[in-house]
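Subject: Structure for your review

Hello,

I am passing on the structure we discussed. Please look through it when you have time; my notes follow it.

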Amino acid sequence: MWQLIRAELEYQQRVLLAAIFVAMPALAGFMFYLAQHTTLSVGFIDYMPIFGAWATVSHMVDTRRLERRDRQLIVLPVATHKLALARLLSLVAPFVAALVVFVVARTFLSGQTHLDVLFEVGVGLMLLLYGSQSLLEDLLSLTPKGSGYIIAGTTCAAIAVLGAYVYLTHGPWPVLARFINAPLGSMKGTVGPACFLLLGLVVGVTSVFTYGRRKSYLQA
Amino acid sequence: MAPAFRCTGLIKSYPGFRLGPLDMELEPGVVLGFIGPNGSGKTTTMRCLSGLVRPDAGDVELCGRAVDHADPHWKADVAIVTHRQPFYENWSGARNLAFLAKFYPAWSADTAAALAQRFDLALGTRVRNLSRGNRAKLGIVAALAAGPRLLLLDEPTAGLDPVVRDDVLSVLFDLLESGDRTVFYSTHILSDIGRLADELAFLVDGQVVLRQPVDDLVENWRSITFRLSGEQPELTGAVYCERSGDDGRTISCDGDLTAAHLGELGAEHIRPTPMGIDEIAVHIMKGGYHVAADQG
């Protein structure tokens, strides 16, 4: 299993290194600039590294689909739960690395860090998104087709979230607006992020075991 | 010794198509050509056998082990080659082979190197830059280097131009002829497998309509011309008949039986002629064998 993870990370290393060690510190710098020179809500932009980290692994997900990695690897004498776990961990590892690099850069720039909350919310969201998609593929054979699906989907989701954010923070729900505008740091000590991570873990781990129940591994 | 593969009651349905129920097995050391027109279910059968697709019903065993993804040991004994073999596209052929080598206990780097040389395949080239022909060659090298007990070849040369196809096949056949291999080769082009196969199985509309050793087919099938007055009788063993006045011609899956029947009917100038395997296959795939079986 570790050979599969290592192979996937080595295969993507140039993109991953650029995304983790160039793009994420740049994002930290950009957020520092925003905080210094604009009056943007701190709460919303605190979530930007999660989008950044997701974009980092989106490329991996897309490449896997384009190159029909499931079809390629399913013929190897490796159990399906190990294939699925390797697939999941090869995404979680760079995702977490991207978040860690971001937090280090952000701490260096502004001394502000919420690694625990960011980690819980970010990894929880990532596992929830990817695990849900895997469950749909495994159990209902709903396979997205075409390149750029994940990136396009993520972009649409980000725009939708932004739209919802603008609407909600300017709409008639001040309590909701206060919650959304709350910085990540204000979630410290609450059970929300931990519950989110737990939910993501449940979905992610479930997808490891549903992988072997697929009707097809063709990815035609 | 367990059969190389055995499937029992295998069924797989797609909208507008149903494969099976299929009951087949293949003894070790046999090369079985799986012949059928496009859309007859050859590829679906291959996919079910190799675990790429889950059958709707039925059991599949490979080399004595059930096809079960949770217990993947059977996969080390089987290799499948298709015309769209997936690889790590940005890695070289050599890098891809090195990756695969980690998973197969019987992997032979020497075999891989020798095959690549035989195919004149540049292993240092990135897979995405390989031509279709060279991709096909790489797929075959990867499959054979894994040392499988059963080799599943699903139209590995589909889409190649005739020159490259001939190039790939001639090397592949030399390799297969020289070793004691168990091969299940699916194709709709009989000339791809005719010279190599010990047996042929014909798949039409998701059903195996005939499976026979190649020698038996060649020995039994005959094109028979004759002269017979009166109505066209139903001839034993005939799969096709044509008449022009008293002159007739029939294709028979049992030449001796049909000729004897014609003799009993008083036919004259009975001349059985041996048939080529291509001609036999065309008649079977056109559905002629169904007719013969129904008449029998």
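**Notes on the model**

M24(B) counts as buried because it has 21 C-beta neighbours inside 10 Å, and the cut-off for buried is 20 or more. Please keep in mind that this is a predicted model.

M24(B) belongs to strand 2 of chain B, which covers residues 17–26. If neighbours within four places in sequence are left aside, M24(B) is in contact with C7(B) and V208(B). A76(B) is 52 residues from M24(B) in sequence, and the C-alpha atoms of the two are 21 Å apart.

**Positive phi angles**

Two residues of chain B that are not glycines have a positive phi: D120(B), at about 60 degrees, and H269(B), at about 50 degrees.

D120(B) sits in a loop of chain B, between helix 3 (109–119) and helix 4 (132–145). H269(B), in contrast, is part of strand 14 of chain B, residues 268–274.

Are these two residues buried or exposed? D120(B) is exposed, because 10 other C-beta atoms lie within 10 Å of its own and the exposed class takes 12 or fewer. H269(B) is exposed as well, with 11 other C-beta atoms within 10 Å.

**Domains of chain B**

The domain assignment divides chain B into domain 1 (5–205) and domain 2 (216–295). Taken over C-alpha atoms, the centres of domain 1 and domain 2 of chain B are separated by 36 Å. Nine residues from domain 1 and seven residues from domain 2 of chain B make up the contact. On the domain 1 side, the largest share comes from strand 9 of chain B (residues 199–204), which gives three residues. By class, that side of domain 1 of chain B has six nonpolar and three polar residues, and no charged residues.

**Contact between the chains**

How many residues does each chain give to the contact between chain A and chain B? Chain A gives 20 residues and chain B gives 22 residues. On the chain A side, the elements that give two or more residues are helix 1 (2–11) and helix 5 (69–73) of chain A. Helix 1 of chain A gives the most, with three residues. The chain A side divides into ten nonpolar, five polar and five charged residues.

Regards

Note on methods. Residues are numbered from 1 along each chain as its sequence is written. Chains are lettered from A and ligands numbered from 1 in the order in which they are written. This is a predicted model: local features need pLDDT of at least 70, side-chain atom pairs count only at pLDDT 80 or more; totals for chains, interfaces and linings use all residues. Helices (H or I, at least four residues) and strands (E, at least two) are DSSP runs, numbered from the N terminus. Two residues are in contact if their C-beta atoms, placed from the backbone, lie within 7 Å. Domain bounds come from an automatic or database domain assignment. Ala, Val, Leu, Ile, Met, Phe, Trp, Tyr, Cys and Pro count as nonpolar, Asp, Glu, Lys and Arg as charged, and the others, Gly among them, as polar.
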